[in-house]
Amino acid sequence: MDDRRSSSKFVNLPVGRVNTIMKSSSDVENVSKESSVIMSKAAELFIRTLTEEGYVETHFGKRLDYKSLANIVHRNDKYNFLRDILPKKITVLQFKEIMAKKKAAKEKSEGEDSSSVDEEESSDGEESGSSTSEN
């Protein structure tokens with residue numbers, strides 16, 4: 001029993017909060033104290049690793065910023081699950097360029113779809129016209 005109390009001393013994240021988060025999953029019925037402590041420590045180590053990599057990304061600067069973390073998340077596949085949460089920052093101009101490209105691609109694909117439908121209709125008309133002229 002002393003092992004449990006001493007093991008939770010070495011965790012900086014609140015074990016009770018981690019326990020609550022774990023219980024919030026519909027797949028989990030019971031959560032043991034030991035598993036909460038282990039998950040707290042794992043989360044702590046994950047946060048430490050991510051921040052250390054971010055610190056290196058800033059070239060050992062004084063501040064860890066969003067841009068550094070986003071670059072790490074998008075550069076390393078091990079952080080793939082965070083890409084929706086930490087998207088790369090872009091300028092308004094870059095956003096407008098992306099949207100213009102998407103709009104142009106959409107218009108091009110719609111134009112190709114309508115031209116292929118027109119071609120099908122004209123080929124159907126030619127086939128029916130040629131069959132009536134043979135009769």
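The following paragraphs lead through a predicted model of one protein chain, from its overall make-up to the packing around helix H3.

The protein chain holds five helices and zero strands. Read from the N terminus, its elements follow the order α-α-α-α-α. The chain has 135 residues, and 16% of them are buried. Its accessible surface amounts to about 11,000 Å², and carbon and sulfur atoms contribute 54% of that area. Among the contacts with a separation of 6 or more, 31% join residues that stand 24 or more positions apart.

Helix H3 is a useful place to begin a closer reading. With 25 residues at 1.5 Å a residue, H3 should span 36 Å, and this agrees with the 36 Å between its end C-alpha atoms. The expected figure rests on one less than the number of residues, because the span is counted in that way. The residues of H3 that are buried are Ser 36, Val 37, Ser 40, Glu 44, Leu 50 and Gly 54. Two of these residues, Ser 36 and Glu 44, are taken up individually below.

The neighbour on one side is helix H2, which covers residues 15–23. The axes of H2 and H3 come within 9 Å and cross at roughly 105 degrees. This angle makes H2 roughly perpendicular to H3, since angles of 65 to 115 degrees are placed in that class. On the H2 side the contact is formed by Val 15, Val 18, Asn 19 and Met 22, while H3 supplies Lys 33, Ser 35, Ser 36, Val 37, Met 39 and Ser 40. Sorted by class, the residues of this contact are five nonpolar, four polar and one charged.

Ser 36 of H3 shows this contact at the level of a single residue. Its relative accessible area is 1%, so Ser 36 is buried, the cut-off for that term being under 20%. Apart from neighbours within four places in sequence, Ser 36 is in contact with Val 15, Val 18, Asn 19, Met 22 and Val 31. Of these partners, Val 15, Val 18, Asn 19 and Met 22 belong to the H2 side of the contact between the helices.

Ile 21 also has its place in helix H2. With a relative accessible area of 56%, Ile 21 is exposed, because that term applies to values over 50%. Along the chain, Ile 21 and Ser 36 are 15 residues apart, and their C-alpha atoms are separated by 9.6 Å.

Further along H3, which comprises residues 33–57, lies Glu 44. Is Glu 44 buried or exposed? Glu 44 has a relative accessible area of 7% and is therefore buried. Setting aside neighbours within four places in sequence, the residues in contact with Glu 44 are Phe 10, Val 11, Asn 12 and Leu 13.

After H3 the chain reaches His 59, a residue with a positive phi, near 60 degrees. His 59 belongs to the loop between H3 and H4, and Phe 60 is found in the loop between these helices as well. Phe 60 also has phi near 60 degrees, a positive value in a residue other than glycine. His 59 is exposed, its relative accessible area being 70%. For Phe 60 the relative accessible area is 55%, which means that Phe 60 is exposed as well.

Beyond this loop, helix H4 takes in residues 66–75 and packs with H3 at an angle of about 110 degrees, the axes lying 9 Å apart. H3 and H4 are therefore roughly perpendicular to each other. Their contact involves Leu 50, Glu 53, Gly 54 and Glu 57 of H3, together with Ser 68, Leu 69, Asn 71, Ile 72 and Arg 75 of H4. By class, these residues divide into three nonpolar, three polar and three charged.

Which residues of H4 are buried? They are Ser 68, Leu 69, Ala 70, Ile 72 and Val 73. The buried residues of H4 pack against H3.

Taken together, these descriptions set H3 beside two partners. H2 is roughly perpendicular to H3, and H4 is likewise roughly perpendicular to H3. The contact with H2 includes the buried residue Ser 36, and the contact with H4 includes the buried residues Leu 50 and Gly 54.

How values were computed
Residues numbered from 1 in each chain as written. Predicted model: local features only at pLDDT ≥ 70, side-chain atom pairs only at ≥ 80, totals over all residues. Heavy atoms only, no water. Helix = DSSP H or I, 4+ residues; strand = E, 2+ residues; numbered from the N terminus. Buried < 20%, exposed > 50% of the residue type's maximum accessible area, 1.4 Å probe, protein only. Contact = heavy atoms within 4.5 Å. Areas by Shrake-Rupley, 256 points an atom, 1.4 Å probe, with all protein chains shown as cover. Axes fitted to C-alpha atoms, helices over the stretch in contact; angles between N-to-C directions. Parallel < 35°, antiparallel > 145°, perpendicular 65-115°, else oblique. Nonpolar A, V, L, I, M, F, W, Y, C, P; charged D, E, K, R; others polar.
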